[in-house]
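Let's take a walk through this model, beginning out in a loop and ending where the two chains meet. Keep the structure open beside the text as you read.

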2 protein chains.
Amino acid sequence: MTSYGTLYLLPVGLGECQLEDVLPKRNIELIKTLSYFIAENAKEARAFLKQCAYPEISRAQLSLINQHVKIEELNAYLEPLLSGNHMGLMSDAGCPGIADPGADIIKLAHKKGIKVVPLVGPSSIVLSIMASGFNGQNFAFNGYLPIDKIARAKRIKELEQICLKSKQAQFFIETPYRNGNVFEDLLKTLQSSTQLLVATNITLVDENILVKPISAWKKSNVPDFFKKPTVFGIYL
Amino acid sequence: MTSYGTLYLLPVGLGECQLEDVLPKRNIELIKTLSYFIAENAKEARAFLKQCAYPEISRAQLSLINQHVKIEELNAYLEPLLSGNHMGLMSDAGCPGIADPGADIIKLAHKKGIKVVPLVGPSSIVLSIMASGFNGQNFAFNGYLPIDKIARAKRIKELEQICLKSKQAQFFIETPYRNGNVFEDLLKTLQSSTQLLVATNITLVDENILVKPISAWKKSNVPDFFKKPTVFGIYL
């Protein structure tokens, strides 16, 4: 038995929403008992704690991580855990460890034998996979597509080939202001029978989840996804 | 605008647990307003509705799906939606559409232009991916491994090769009573530096999530996963 604290993975809402719509009550109760947090951004983390009615936000100890923090520096972040305190790891939005810089902290925690407990919460990727109706037994999330137009078209073709060969549904995301470019490339590059999922602002008031074959997308309006977080998916 | 009902994807707890620990309050409130449900198993569905304090379980209209229902027969399941009623799709445990027979219903709903709304809830696969600390930007869920010992070892090697080549973390599940066989094959087949996640009874009281390199697993006790739902994952 270890006397280390537990690292709780704390999901955060995906935008302006009521917490009780997207988080179990347990999460909120647990968060209130924690004093140490690892987060991406202090402002967002404090806003989330406030939304949870965290008793005294000034006493919350925040350690900030981002992609510029070196692996060697991460050890120091786990100090409170090694001294027996529980900690909460949160991202700016969604679930820590999924499309998020928290994975390195989690990895290190396992290496040190620290208990890791993931809590239930919203992930735009997971909710999109659920809602796609594609293939729940075989799917991959690929992060971001290449920015370069030629490399991107090549990657889109590769992903479609994987769908065809392995019956594995393929999901990916894009920086919101580039959604239009990616959508255009998908319509140009994919076969007309390939199904395309466009899932925008998941869990928010204007959530919009559409699945159509490319042939039908070509006759439809462009989805209202400009600067809105969107998950794309393809399948046969 | 369509006057069809909405198909809500309703996650269910992963075993004996308090619903407020794993489901947002919104889910429970919404479930109470629905009259039509699609589920895998009537007994489990009614037990879940009871746990939600569903007002009159006898008035809940349940349609049952399983892997033996033919695609052609699914149209009839959507009738209430086409007549303007909302419906809830639930699995026996976890999130509909993820490692679950609900995907075909969802696919058909999209085809008919029915709005699909996924609700937040527990998925052992997603919580395992979060807790693994592997690669949240690139991961695949592969469902079940082959049962045949030779085919299974071949598949394990293939998945390890994908990790190596594409830096894509690989996750899979097994029928709980076969966990021991799969674990043994993983230890025999994988390279000693490959990281193996074994995540058992996620969200339940005896939840156990361990990540170690194969070399360390070989010196450890076999995890307590006999007949317990377990997610496996590998990465570098």
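Ala53(B) counts as exposed, because there are 10 C-beta neighbours inside 10 Å and the cut-off for exposed is 12 or fewer. Keep in mind that this is a predicted model. You'll find Ala53(B) in the loop between α3 (42–51) and β3 (61–64) of chain B. Its phi is near 60°, a positive value in a residue other than glycine.

Chain A offers a similar case to look at. Lys227(A) has a phi near 60°, again positive and again not a glycine. Lys227(A) sits in the loop between α10 (214–219) and β10 (230–235) of chain A, and with 11 C-beta neighbours inside 10 Å it counts as exposed. A glycine joins the list too: Gly133(A), just after α7(A), takes a positive phi of about 70°.

Now for the strands of chain B. How many of the five residues of strand β1 (residues 6–10) of chain B are buried? Four are, so the strand is largely enclosed by the rest of the structure. β1(B) has two parallel partners to trace. Four bridges link β1(B) with β5(B) in the parallel sense, and another pairing, also parallel and with four bridges, ties β1(B) to strand β4 (residues 87–90) of chain B. Leu7(B) is a handy marker for both, since you can follow Leu7(B) across to Val116(B) in β5(B) and to Met87(B) in β4(B).

Here are those pairings next to the one that crosses between chains:

| Strand pair | Sense | Bridges | Opposite residues |
|---|---|---|---|
| β1(B) and β5(B) | parallel | four bridges | Leu7(B) and Val116(B) |
| β1(B) and β4(B) | parallel | four bridges | Leu7(B) and Met87(B) |
| β6(A) and β6(B) | antiparallel | three bridges | Phe139(A) and Phe141(B) |

Strand β5 of chain B also holds Lys115(B). Is Lys115(B) buried or exposed? Neither label quite fits: Lys115(B) has 19 other C-beta atoms within 10 Å, so it is partly exposed, and the cut-off for buried is 20 or more. Setting aside neighbours within four places in sequence, Lys115(B) contacts Thr6(B) and Leu7(B). Phe37(B) is 78 residues away from Lys115(B) along the chain, and their C-alpha atoms are separated by 15 Å.

Met87(B) deserves a stop of its own. The largest nonpolar core has 139 residues, and Met87(B) is among the three that touch the most other members, along with Phe171(A) and Phe171(B). If you leave out residues up to four places away in sequence, Met87(B) touches Gly5(B), Leu7(B), Tyr8(B), Leu34(B), Tyr36(B), Phe37(B), Ile38(B), Pro80(B) and Leu81(B). In soluble globular proteins, nonpolar side chains tend to be buried together.

Over in chain A, the chain splits into domain 1 (6–118) and domain 2 (124–235). The centres of these two domains, taken over C-alpha atoms, are 29 Å apart. Each domain of chain A puts eight residues into the contact between them. On the domain 1 side, the residues that touch domain 2 of chain A are five nonpolar, two polar and one charged. Helix α7 (residues 124–132) of chain A is mostly covered, with nine of its nine residues buried. Among them are Ile125(A), Val126(A), Leu127(A) and Met130(A), and the serines Ser124(A), Ser128(A) and Ser132(A) are buried as well.

Finally, the interface. Here 43 residues of chain B contact 43 residues of chain A. On the chain B side, α1 (19–22), α2 (25–33), α6 (103–111), β5 (115–118), α7 (124–132), β6 (139–144) and β9 (208–213) each supply at least two residues. By class, that side of chain B has 25 nonpolar, 12 polar and six charged residues. Strand β6 (residues 139–144) of chain A meets β6(B) across this boundary through three antiparallel bridges, with Phe139(A) partnered by Phe141(B).

What rotation superposes chain B on chain A? A turn of 180° does it, with 0.0 Å of shift along the axis and an RMSD of 0.0 Å. That is the relation of a two-fold axis. The same surface serves both copies, as 100% of the contact residues of chain B recur in chain A.

Note on methods
Residues are numbered from 1 along each chain as its sequence is written. Chains are lettered from A and ligands numbered from 1 in the order in which they are written. This is a predicted model: local features need pLDDT of at least 70, side-chain atom pairs count only at pLDDT 80 or more; totals for chains, interfaces and linings use all residues. Two residues are in contact if their C-beta atoms, placed from the backbone, lie within 7 Å. Ala, Val, Leu, Ile, Met, Phe, Trp, Tyr, Cys and Pro count as nonpolar, Asp, Glu, Lys and Arg as charged, and the others, Gly among them, as polar. Two strands pair if DSSP finds at least two bridges between them. Copies are superposed by least squares on the C-alpha atoms of residues with pLDDT of at least 70 in both. Domain bounds come from an automatic or database domain assignment. A nonpolar core is a set of buried Ala, Val, Leu, Ile, Met, Phe, Trp, Tyr and Cys residues joined through C-beta atoms within 7 Å.
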